[in-house]
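Hi,

Here is the structure I said I'd pass on. Have a look when you get a minute, and then read my notes underneath.

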Amino acid sequence: MDGSDGNMLLNGKNAIVTGCLRGIGRATMELFARNGANIWACCQNQDEEFERDIRELSKEIGVAIVPVYFDLADNEQLKAGLRTIAASKQKIDVLVNVAGMTHNALFHMTSMEKMKYVFEIDFFSQIQVTQYITKIMAKQKSGNVINISSIAGMDGNPGQIAYSSCKAALIGATKTLAAELAPYNIRVNAIAPGVIETNMTSDLPQEAFSRLMSKSCIKRKGVTDEVANVLLFLASDLSSYVTGQVIRVDGGIG
């Protein structure tokens with residue numbers, strides 16, 4: 001994988017981005033590519049339109065964008081996808097854990113089966129990906145991991161017990177890993193988006209949306225590019241002294 005323009009913030013870096021098919025993952029993949037990064041674009045399912053789009057983007061910018069498909073709920077698929085990335089023998093500079101799910105239900109209406117499933121997708125699979133990739137980064141003596149948490153994981157959110165708990169766990173993991181992996185020159189940070197215009201937030205109940213907007217300074221949903229811009233900062237050398245942090249991208253709800 002070769003870089004392109006030296007003025008780009010991620011020129012010559014190689015990044016793994018999960019959840020690239022749409023939403024924050026898609027915006028992040030495109031922004032990173034336009035800033036010179038080569039991308040392993042991870043998605044749950046193969047999609048012809050997506051593959052056409054990344055071929056065109058790759059040709060336009062002159063970076064490599066390689067699709068990697070696996071379902072976070074399928075442990076064998078996940079491990080096979082990670083082995084595919086490792087087999088390239090390329091340096092891995094950045095891992096961005098975007099892929100995940102939400103679940104909206106009050107505490108007493110949330111079964112333990114559903115709670116465990118959401119944790120499997122939103123926490124345990126993220127940790128498994130991070131563990132595998134940071135072993136490679138540790139051998140390189142360099143790396144950068146960015147997790148997508150949520151303001152729900154910091155503030156709580158009625159009707160999202162499973163989702164809030166997973167995202168809170170991810171914050172704890174981020175801070176612990178920042179301390180553990182620093183000797184290997186690996187930085188670990190997280191961002192906590194607020195209400196962002198994605199398919200995931202379209203299911204947010206109107207009452208919850210209104211409550212969040214009433215606390216927002218900016219009084220609108222964010223857009224995926226606004227989250228991707230913060231991820232670009234954290235992925236770049238501009239943030240070389242930043243680790244163990246959780247950055248809110250929430251329009252002032254906090």
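Below is what I found, going from the core to the charged pairs, one helix and a surface patch.

Keep in mind that this is a predicted model.

Let's start inside. The largest nonpolar core has 35 residues. Met29, Phe32, Ile39, Ile65, Val96, Ile191 and Leu231 have the most contacts within that core. Elements that give two or more residues to this core are E1, helix H1 (23-34), strand E2 (38-43), helix H2 (48-61), strand E4 (94-97), strand E5 (143-148) and helix H8 (224-235). Of these, H8 contributes the most, with seven residues. As background, nonpolar side chains in soluble globular proteins tend to be buried together.

Now the charges. The count of salt bridges comes to ten. The part I'd look at first is around arginine 248, which pairs with aspartate 155, the closest N and O atoms being 2.7 Å apart. Aspartate 155 sits in helix H5 (residues 151-155) and arginine 248 in strand E7 (residues 246-249), so this pair ties together parts that are 93 residues apart in sequence. Arginine 248 also meets aspartate 250 in a salt bridge, at 2.8 Å from N to O. How covered are these side chains? Aspartate 155 is partly exposed because its relative accessibility is 41%, and arginine 248 is partly exposed too, at 28%. Aspartate 250, at 13%, counts as buried.

Another pair is lysine 91 with aspartate 93, at 3.6 Å from N to O. Here lysine 91 is partly exposed, at 44% relative accessibility, whereas aspartate 93 is buried, with a relative accessible area of 12%. There is also a network of salt bridges that links Arg26, Glu30 and Asp53.

Next, helix H4 (residues 112-140). What span should its 29 residues give at 1.5 Å a residue? The expected value is 42 Å, and the end C-alpha atoms are 40 Å apart, so the two agree. Even so, H4 has a kink of about 45°, centred on glutamate 120. Just after the helix comes lysine 141, with a positive phi near 65°.

Last, the surface. Leu9, Phe233 and Leu238 make a nonpolar patch of about 260 Å². Leucine 9 is in the segment before strand E1 (14-18), and its relative accessibility of 34% is why it counts as partly exposed.

Cheers

Notes:
Residues numbered from 1 in each chain as written. Predicted model: local features only at pLDDT ≥ 70, side-chain atom pairs only at ≥ 80, totals over all residues. Heavy atoms only, no water. Patch = residues over 30% accessible without salt bridge, like charges linked within 9 Å, V, L, I, M, F, W, Y side chains within 5 Å. Areas by Shrake-Rupley, 256 points an atom, 1.4 Å probe, with all protein chains shown as cover. Salt bridge = Lys/Arg side-chain N within 4 Å of Asp/Glu carboxyl O. Helix = DSSP H or I, 4+ residues; strand = E, 2+ residues; numbered from the N terminus. Buried < 20%, exposed > 50% of the residue type's maximum accessible area, 1.4 Å probe, protein only. Expected span 1.5 Å × (residues − 1). Bend = angle between axes of the 7 residues up to and from the residue. Core = buried A, V, L, I, M, F, W, Y, C linked by side-chain atoms within 4.5 Å.
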